[in-house]
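This report introduces a protein structure to a reader who has not met it before. Please keep the sequence and the structure in view while reading.

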Amino acid sequence: MLTVEREFQRITKNASFGFPYWQWEQDDKSMFSENYYGVPSNNAGPRVNVSGDIINPNDWNTICDVTYQNRDVTCETAWKPCNPANDLEERRPLQRGGSSAYLPNVVEVMIAIAAPSYDAADDSGQYFRNDSRASFRSRLEGWNMICSAMSCVGFNSDNNHTQNDHMHNVVHDWVGGQMDDVPAAVNDPVFNLHHSNVDRILESWMQRFANGKNSSNLLPAYVPICGGHPGHNRGDYIVPFFPLITAGEQYRVAEEWGYVYDELVPANIKDSDIPDCIDILAENSCPICDANGVCIDCTDQTCPLPNSQPIPLTPDSPDGNNSYATELGLGIGLGIPLIIAIIVIIILLCCVIALKKKSTKEGNGGGYEMTTKT
């Protein structure tokens, strides 16, 4: 995004140009208006042309979207270089209209940034799509099944454990139109706003470890080193950007690149508090509760009643944090015996003091006096 932003600065001759981010986790749709990014924001039904003062069928036409225009196109045609000038002559309109009426909420973003490592291999050793739940990249991209207070996102309605798009991926689905087609997505200016927010979420995850310091040395080691999708391995070059840079070299906190965000997503959820959908699924809903049974994101779903038995973290929790159970054990296991022991010690001290006073008194009245003979 920084490379594209600098290219916009060069073209516009405006060194202060910067991409805004779209805070979709806050359900913010304010920029979808006639005088900004056009309307509609999305359309759960058929595709429709976007209209507005800037984005409209006359002034904003699409290029290089053959895969969007023809879903049955062959691979040979899809990978053939496009000619932007020819495409513009066809005056194809930007469209929106998707298959999703759902945007991720802030709890799901917090769940993503609770991941302990940037990436992690699945049970077969692969670094792609449905990776281990430890993978931040997989959670943010939208491949992992995430248990949120809204529902078990990633499950089909028939609960057959088939993954649906969510997080980053579902935002593309929600906008729809060209945004829902990988080669054509960048035709919609919302693409840049969306990915600027994805970068902000990445920075939120990094700051869990950097803690405000301008040092990428505090981050977990970058993985995969090898065995990942092309372009994802630590030494893979990111094409077609110049100068050449590897994925591992890009793995830095924002300040090292010369920018910061005005607001980050707070890391208020521990990974150990996040249940797996497959373990807790009940009528396709699994509310997120903390160790005390308090609802982290209270919606229509229900957490245990306040007067119910607290839910301690299990001893084998993923991050080894069993503070609640430890505190409970200290309170009950040591608290009462400790009080009894203190009372006994006080009684014994009182007895010793009383005996000492009695002995001193008897010594003063009937003791003998040493004399010295010369």
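The sections below go from the overall make-up of the protein to particular residues and contacts.

## Overall make-up

The structure described here is a predicted model. Its secondary structure consists of ten helices and four strands. Along the sequence, these elements follow one another in the pattern α-β-α-α-α-β-α-α-β-β-α-α-α-α. The protein has 374 residues, and 39% of them are buried.

## Two helices that cross

Helix α5 covers residues 106-113, and its axis comes within 9 Å of the axis of α8. The two axes cross at roughly 50 degrees. Because of this angle, α5 is oblique to α8. The crossing in which α5 passes α8 is right-handed.

## Salt bridges

How many salt bridges does a search of the whole structure find? The search yields ten. Three of the pairs that form salt bridges are described here, together with the surroundings of their residues.

K29 and D27 are joined through their side chains, with an N to O distance of 2.5 Å. K29 has a relative accessibility of 31%, so this residue counts as partly exposed. D27 is likewise classed as partly exposed, because its relative accessibility is 48%.

R92 forms a salt bridge with D87, and the closest N and O atoms of this pair are 3.5 Å apart. Are these residues buried or exposed? R92 counts as buried, because its relative accessibility is 12%. D87 has a value of 11% and therefore counts as buried too. Both residues also belong to a network of salt bridges, in which D65, D87, E90 and R92 are linked.

In the pair E141 and R137, the side chains meet in a salt bridge with an N to O distance of 2.7 Å. Both residues lie in helix α6, which spans residues 136-141. They are four residues apart in that helix, so about one helical turn separates them. The two partners fall into separate accessibility classes: E141 is partly exposed at 25% relative accessibility, whereas R137 is buried, with a relative accessible area of 8%.

## A nonpolar patch on the surface

Which residues form a nonpolar patch on the surface? The patch is made of Y237, V239, F242 and L244. Together, these four residues have about 490 Å² of accessible area.

One member of the patch, Y237, is located in the loop between α8 and α9. In the sequence, α8 spans residues 190-210 and α9 spans residues 277-280. Y237 has a relative accessible area of 49%, so the residue is classed as partly exposed; the class of exposed residues begins over 50%.

## A buried loop residue

V50 also belongs to a loop, here the one between β1 (48-49) and α2 (66-69). The relative accessible area of V50 is 1%, and the residue is therefore buried. Along the chain, V50 and G38 are twelve residues apart, while their C-alpha atoms are separated by 5.9 Å.

## Summary

The predicted model contains ten helices and four strands, and the helices α5 and α8 pass each other in a right-handed crossing. Among its ten salt bridges are the partly exposed K29 with the partly exposed D27, and the buried R92 with the buried D87. On the surface, Y237 forms part of a nonpolar patch, whereas V50 is a buried residue in a loop.

Methods. Residues are numbered from 1 along each chain as its sequence is written. This is a predicted model: local features need pLDDT of at least 70, side-chain atom pairs count only at pLDDT 80 or more; totals for chains, interfaces and linings use all residues. Side-chain values use heavy atoms; hydrogens and water are left out. Buried means under 20% relative accessible area, exposed over 50%, partly exposed in between (1.4 Å probe, protein chains only). Helices (H or I, at least four residues) and strands (E, at least two) are DSSP runs, numbered from the N terminus. Patches are made of residues with over 30% relative accessible area and no salt bridge: like charges are joined within 9 Å, nonpolar side chains (Val, Leu, Ile, Met, Phe, Trp, Tyr) within 5 Å. Accessible areas come from the Shrake-Rupley method with a 1.4 Å probe; for residues, only the protein chains shown count as cover. Axes are lines fitted to C-alpha atoms, for helices over the stretch in contact, and angles run from 0 to 180 degrees between N-to-C directions. Angles under 35 degrees count as roughly parallel, over 145 as roughly antiparallel, 65 to 115 as roughly perpendicular and the rest as oblique. A crossing is left-handed if the near helix is turned anticlockwise from the far one by less than a right angle, and right-handed if clockwise.
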